[in-house]
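The following exercises ask the reader to locate elements and residues in a two-part display of sequence and structure. Please keep both views open while working through each solution.

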Amino acid sequence: MTIDPRPLVPAHIESNPLLGTWLAAGDGTVEVSVGKVELGQGILTALQQVAADALALPLDLVHIRSARTGGPDQGLTAGSLSVLQSTPALRHLGAVVRQLAEAPGNTSQDETAAYLDRIAGLDSSLDLTAFTPQVGPAPNRAVGADAPRVDLPEKVLGRPRFLADLRPEGLLHGRVLRPPSPAASLVGLPESWSSPGVVLVRDGSFVGVVGDREDDVDRALASLTGVAVWDERDTLPDEHDLPAWLRTTASEPTELMTEGDVEATRSASYSKPYLAHASIAPSCAMARWTSDDSLRVWSHSQGIHSLRDAIAAALSIDRSGVRVDHVENAGCYGHNAADDAAFDAVLLARAVPGRPVLLRWTRSDELAWGPLSPAMTATVSARLVGGLVTGWSYDVWSQGHTARPGYAGQPGLLASAHVGGGVALPPSDDPPAAAGHGSLRNAVPIYELGTRRITGHRVTDASLRTSAMRSLGAYLNVFAIESFMDELAADAGLDPVDFRLAHLTDARARAVLKLAARESGWGDPLPESTGRGIGFARYKEKGAWCAVVAEVAVETEVRVRRLTVAADIGLVVNPDGARNQLAGGAVQSTSWTTLERVRFDRRRITSSDWESYPILRFPAAPRVDVHLIDTDQPPVGAGEAAQGPTAAAIANAVQAALGIRVRDLPLTAQAIVRAIEAEENP
Amino acid sequence: MTRLTVNGREVDVDRTDDTPLLTVLRDTLGLVGSRFGCGQGLCGACMVLLDGRAVPACDTPLWQAAEATVVTVEGLAADGPSPVQRSLIDHQAAQCGFCISGIVVAATALLAAEPAASEQRITEALDRNLCRCGTHQRIVEAVLDARGDLR
């Protein structure tokens, strides 16, 4: 046996060991580079709080620099992992710095200035993994406080902040003409085509324009749309029969649990449609191509290092010549078209060497060509004996939940399928178990349910492109499990909260469930046609515990009036920010659950604007109250904990209001009518 | 050449009549605070005050703004944050913040017309503004609070 002489260091320090990768000091402040990116979740502020405490510096002297190649590679900003992964790394960094630069015992201005000078004098090539800090943990000063978001003033005041606001010298604008349907190929574009002020870029079915003026490129795109001739084919499934299609299409099984078969007393099936990320901003990117070994890209990707590698692989160039910097765009809520837009910008910039090209997608392309959250269906069966579940069987069918750059061994960037000689993108994959699964995320219930059999079926069809959207498969799995728990509770003649508690031993889970019930007024009488329902899960089975109680009124449609969210997210770095994230997740899930569905015929996606893909609006937004458990346990993430529980809570509330169980999302008036018909004619 | 007044300054714009006002603001005049969200007047991210009325700049052609007075989100902050902007920051009423410029403009137009607007009136006035992050409640609370500052 060999003994590793090095101290145990956090994973992200192990993979980014040099001090200079993380830290730069000068001008009386410290700049901490992170490999995470701001998506509207407030991560720059939360990490500023963690870093300031770790370095024993006042908050306003610490600036956080967003991910860029050259800074630390912390993988994706996804999966509610940023605080969990960054906190140990920043604390290790801080401990080394406090020790070597001799952090002062007090916070006087002079002492702090001298400390900053000593930090600036540290050797940037210092190996952080070679160090066992001898100083104790720094006290929490900023952590736990409601530090205001560093990025909000510029956004509220309308200052340049977003990627599309970049205006470098020599800027050109770019647009890409996307095919009208997923399987279309370009067969004709008039040789004589031209449009004022633009250059045409064409490579196979990839067509774009570049020009000095934004109105010129927009006019050129409209003109191209009118003259391009496409060969289109019917390749899409029947949007009205997705559960049957998923169950009968080729798939690969994953047997997650095989404890035994179940002689069920109840069985039911649930489904969700395809959903769109539906970011308020269309995806965009800027690129400047100087030469094969000097390419710069500005992107709002969630993973700028894997984007760099995918771009280099797609172009067969060395990745050392590609530099990618993150710049903010609107919230993406998962893998939207950010990476695809970056590659589009690169292809356009290659045609005009030396000039920066700012490429922006159209709204319709964003809704129709961005990766979709896959349609899913699940069947749950259980055996109920004397008020307790003794056996549980679960099958879920879904396309894969990731097509991020590098998936399935391919660059996976959209335009690489459109350029001449391009090949179709492979079927989407699922993240591995260690990353919390995709289709099978949260497929294992938190409850004691006796003998369990749980199987995932990853559908390998790729006619519609799918990838990660906030909470991945957990949204449908928690909706199905928690709806079914209510059905079983009714069979047992028990209150839904009591029934859950009877199957729950985890103390933190029980505390969250009880908190939600208490704060929501669970059991208090409600008016006619209104109902209350609960949903609960521990995200990814190892993340945050979150319970949601929904109060809905059902008249001509489902109206969610109030959501009570209770959560244990471990140590809360920024309580106000965590509440904002959890409330936002619950409200977004309300939109998915009551309204959203990607529409298509057998050839084209037809929900390509805000009228055909409606999302929740101000008059329909519920009141949300968020209650956090106070704990100093390690942070476990917050951003994706509420989505699944909210969906189930709403469906269970509809059942309480109407006596109708709706198992197919979204919970529209039509879905309720279909559920009534199904109950009348089983 | 089209003449209009933007944030109190007269400008002459040399773009064709059908160019969207948003493109003129962002590309010609460098006022990028009005954000491009859809280009179809359906999301509200690009709202500006056109002669005091909140309109989406993306489907307002330049000819419609000729001789008119345009105020953008930048113009509302010309003398420091406006009451609506200050209240939104105080309430931390945004997540990604891409929709917030248009919401500032829509809320400002509402409170100018109805200084005591009710919560229901505020949600109705913001019906044309989409927020995808789910920050609706904080935004409405911030606008409600801004009423006092305006009086």
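Five exercises follow, each with a worked solution.

The model is predicted: local features need pLDDT of at least 70, side-chain atom pairs count only at pLDDT 80 or more, and totals for chains, interfaces and linings use all residues. Residues are numbered from 1 along each chain as its sequence is written, and chains are lettered from A and ligands numbered from 1 in the order in which they are written.

**Exercise 1. The contact between the chains**

Determine how many residues each chain gives to the contact, and which elements of chain A take part.

Step 1. Two residues are in contact if their C-beta atoms, placed from the backbone, lie within 7 Å. On this criterion, 47 residues come from chain A and 46 residues from chain B.

Step 2. Helices (H or I, at least four residues) and strands (E, at least two) are DSSP runs, numbered from the N terminus. On the side of chain A that touches chain B, two or more residues are given by each of helix 6 (152-156), helix 7 (214-227), helix 15 (575-595) and strand 21 (623-628) of chain A.

Step 3. Helix 15 of chain A supplies the largest share of that side, 8 residues.

Step 4. Classify the residues: Ala, Val, Leu, Ile, Met, Phe, Trp, Tyr, Cys and Pro count as nonpolar, Asp, Glu, Lys and Arg as charged, and the others, Gly among them, as polar. The side of chain A that touches chain B then has 22 nonpolar, 10 polar and 15 charged residues.

**Exercise 2. A helix pair in chain B**

Describe how helix 4 and helix 5 of chain B cross, and state which residues meet.

Step 1. Axes are lines fitted to C-alpha atoms, for helices over the stretch in contact, and angles run from 0 to 180 degrees between N-to-C directions. The axes of helix 4 (residues 83-90) and helix 5 (residues 100-113) of chain B come within 9 Å and cross at roughly 130°.

Step 2. Helix 4 of chain B and helix 5 of chain B are therefore oblique to each other (angles under 35 degrees count as roughly parallel, over 145 as roughly antiparallel, 65 to 115 as roughly perpendicular and the rest as oblique).

Step 3. The crossing of helix 4 and helix 5 of chain B is right-handed (the near helix is turned clockwise from the far one by less than a right angle; anticlockwise would be left-handed).

Step 4. From helix 4 of chain B, B:Val84, B:Gln85 and B:Leu88 meet B:Ile100, B:Val104, B:Ala107, B:Thr108 and B:Leu111 in helix 5 of chain B. By class, this contact has 6 nonpolar, 2 polar and no charged residues.

**Exercise 3. A sheet in chain A and a helix that packs on it**

Give the strand order of the open sheet in chain A, and identify its edge strands.

Step 1. The sheet has 7 strands in the order 6-7-4-14-11-12-13, with mixed pairing (two strands pair if DSSP finds at least two bridges between them).

Step 2. Strand 6 (198-203) and strand 13 (322-326) of chain A are the edge strands, each pairing on one side only. From one strand to the next, the twist averages 25°.

Step 3. Strand 4 (residues 172-177) and strand 7 (residues 206-211) of chain A run antiparallel and are joined by 5 bridges. A:Leu177 has A:Val207 in strand 7 of chain A as its bridge partner.

Step 4. Helix 7 of chain A packs on the sheet and touches strand 4, strand 6 and strand 7 of chain A, its direction making about 15° with that of strand 4 of chain A.

**Exercise 4. A helix pair in chain A**

Find the crossing angle of helix 9 and helix 10 of chain A, and the residues that make their contact.

Step 1. The axes of helix 9 (residues 304-315) and helix 10 of chain A come within 11 Å and cross at roughly 45°. That makes helix 9 of chain A oblique to helix 10 of chain A.

Step 2. Helix 9 of chain A passes helix 10 of chain A in a right-handed crossing.

Step 3. A:Leu307, A:Ile311 and A:Ala314 of helix 9 of chain A make the contact with A:Asp339, A:Ala342, A:Phe343 and A:Val346 of helix 10 of chain A.

**Exercise 5. Backbone and burial**

Is A:Ala56 buried or exposed?

Step 1. A:Ala56 lies in the loop between helix 3 (43-55) and strand 3 (62-65) of chain A. Its phi is near 55°, a positive value in a residue other than glycine.

Step 2. With 21 C-beta neighbours inside 10 Å, A:Ala56 counts as buried (buried means 20 or more other C-beta atoms within 10 Å of its own, exposed 12 or fewer, and partly exposed in between, with C-beta atoms placed from the backbone).
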